[in-house]
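Trainee: I would like a close look at one glycine and its surroundings. Please start there and then work outward.

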Amino acid sequence: MLRALTLRRSLQSLHHHHHLKTHISTAIPQNPLNPLGPARACSSLSSPSASSSASELRKYLGYTALVLFSAAATYYSFPFPENAKHKKAQIFRYAPLPEELHTVSNWSGTHEVQTRVFHQPETLEELEKVVKDAHEKKTRIRPVGSGLSPNGIGLSRAGMVNLALMDKVLEVDKEKKRVRVQAGIRVQELVDGIKEHGLTLQNFASIREQQIGGILQVGAHGTGAKLPPMDEQVISMKLVTPAKGTIEISKEKDPELFYLARCGLGGLGVVAEVTIQCVERQELVEHTSVSNMEEIKKNHKKLLSENKHVKYLYIPYSDTVVVVTCNPVSKWKGPPKFKPKYSSDEAIQHVRDLYKECLQKCSVVPVKNDVDINELSFTELRDKLLALDPLDKDHVVKVNQAEAEFWRKSEGYRVGWSDEILGFDCGGQQWVSETCFPVGTLSKPSLKDLEYIEDVKQLIEKNEVPAPAPIEQRWTACTKSPMSPASSTKDDDIFSWVGIIMYLPTTDARQRKEITEEFFHYRRLTQVQLWDKYSAYEHWAKIEVPKDKEELASLQARLRKRFPVDAYNKARKELDPSRILSNNMLEKL
């Protein structure tokens, strides 16, 4: 009577990092009334005793009624929308499954949702209609960008709206060095689109695939103690709001809402257009050198103040500190003349050798179709090495030592345009936690940034955490956007951003689960012992919602101390009273 149905569909990918998949699977078990087959069922009803037969009959009739009732209750309580085809089906009659069920995951594969509602408007008018219809029906359409946020802050089962098809440069003011763009344009597309005008962005995050709307809404940043986070580059915005329609805000027009919405977490309106203050396109000289903590302490103030861009990469279980600085090419001296001691191939050879050695020790036979290790980059090799035993501390320490040696052999200079130089190969899929905290001013740094790192490294070694490299440390100036972790009313305040990481170099579900558990133990150590001590708050795109109710309440109270939560919720109530732009993460935080 009942049968099983499995249906799989697949859609084209949304873009380079963001896959849309359909995977619907329903299965109804065979009738439990007759688990032993018809012969046994019949024999059980052929007893010579009439009372026994009647009892058996009543028992099986009761089972039948229970199964039918349970099936009907399950069928009609299944959480489909009112207009879903299943709702129109008659009982026990199969209707076609919905044609589009999208599985949307973030880039690291750490968060995933399935939804039947995924809008991709191509024009402002289409976006306005999508938002208006959702507001009238009170259905959620969470704004989602390129799906690069490690915590999946833009994901929602109830529905999403994505502006990947609204990706145009609308206007370039070369004199004022300003550009107006649609918010769905990716950073690299924007940079490519304005370089012919001699312009570029003031700063960049590690990667270029983010949509402009997304990178601004979560308070993303680059590095440079004189340069603020990217939201501070915004001159004006066009928001499509559920309650007030399309509004334009700027420093001159509704400044309070403007500053709040620049880092608005996608909850105050769908960012449709942005006007950005740019800078002249220029070549930079990147200098990579290897130091240690003692030397860093001596030169830290000078490194922060004299370099336009600077970051430190720390190698756990070692004293190695990789220092990367970037500055404009001197108009008078030109790029530095430097001959590297090692070629790029020589710099990575010892890592290849370590991989071969580990394979032999593990008795792992390379797959015939496996990629030639000579063609792999350092980060790809690191992933392969870690995948052999990602949670063994001694193995991770060996990999970290190989990384330290790689950087020693990679010391030198590199010259290129800012959008080419300021990027950073972050490696493969990963868990990451990044905190931001105040560290004084440029003229009077507090050195809390270096103390924080020393405390992190002590925690790692004391608890024998299998922490891979690097621990990345960057700096920014402050921003006037009150929802940013780097917000401050004092113009000369600077902030440090520190990221800890664990890679997910395998597709094995059990191993990924074990790495995830170890990462959250690692993160928990820093949270409990360091965050309050240094007034550190996580990056909005990397904060994770606790499952424990007490921990969640504690996090909510902590966020309320740092950010204007009441003002933010008041603005949400005015602009999005039904909270159609929200999701579970935003509501809980």
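Mentor: Take Gly184 and skip its neighbours within four places in sequence: it is then in contact with Leu163, Ala164, Met166, Asp167 and Gln211. This is a predicted model. One of those partners, Ala164, sits 20 residues away in sequence, yet its C-alpha is 4.7 Å from that of Gly184. Gly184 has 2% relative accessibility; the cut-off for buried is under 20%, so Gly184 counts as buried. Its place is in a loop, between strand S9 (178–182) and helix H5 (187–194).

Follow S9 into its sheet. Five strands make up this open sheet, in the order S8-S9-S13-S11-S12, and the pairing is antiparallel. Strand S8 (169–173) and strand S12 (245–250) are the edge strands, each paired on one side only. On average, neighbouring strands are turned by 10 degrees against each other, direction ignored.

Now go to the S12 edge. S11 (residues 234–241) pairs with S12 in the antiparallel sense, over six bridges. Within that pairing, Met237 has Ile249 of S12 as its bridge partner. Helix H7 (residues 255–262) packs on the sheet and touches S11 and S12. The direction of H7 makes about 85 degrees with that of S11.

Next, the nonpolar cores. In soluble globular proteins, nonpolar side chains tend to be buried together. Here the largest nonpolar core has 68 residues. Leu127, Leu190, Leu201, Ile212, Ile276 and Trp540 have the most contacts inside it. Look at Ile276. Not counting residues up to four places away in sequence, Ile276 touches Lys177, Arg178, Val179, Val181, Leu190, Leu201, Ile212, Gln233 and Ile235. Apart from that core lies another, of 38 residues, with Val456, Leu459, Val498 and Ile515 among them.

Finally, a helix pair. The axes of H13 (residues 448–462) and H14 (residues 509–534) come within 10 Å and cross at roughly 150 degrees. Angles over 145 degrees count as roughly antiparallel, so H13 and H14 are roughly antiparallel to each other. The crossing of H13 past H14 is right-handed. On the H13 side, the contact is made by Lys448, Glu451, Tyr452, Asp455, Val456, Leu459 and Ile460. H14 contributes Tyr522, Leu525, Thr526, Gln529, Leu530, Trp531, Lys533 and Tyr534. Val456 and Leu459 of H13 make part of this contact, and both belong to the core of 38 residues.

Definitions and conventions: Residues numbered from 1 in each chain as written. Predicted model: local features only at pLDDT ≥ 70, side-chain atom pairs only at ≥ 80, totals over all residues. Heavy atoms only, no water. Pairing = 2+ DSSP bridges. Helix = DSSP H or I, 4+ residues; strand = E, 2+ residues; numbered from the N terminus. Axes fitted to C-alpha atoms, helices over the stretch in contact; angles between N-to-C directions. Contact = heavy atoms within 4.5 Å. Core = buried A, V, L, I, M, F, W, Y, C linked by side-chain atoms within 4.5 Å. Buried < 20%, exposed > 50% of the residue type's maximum accessible area, 1.4 Å probe, protein only. Parallel < 35°, antiparallel > 145°, perpendicular 65-115°, else oblique. Left-handed = near helix turned anticlockwise from the far one by under 90°.
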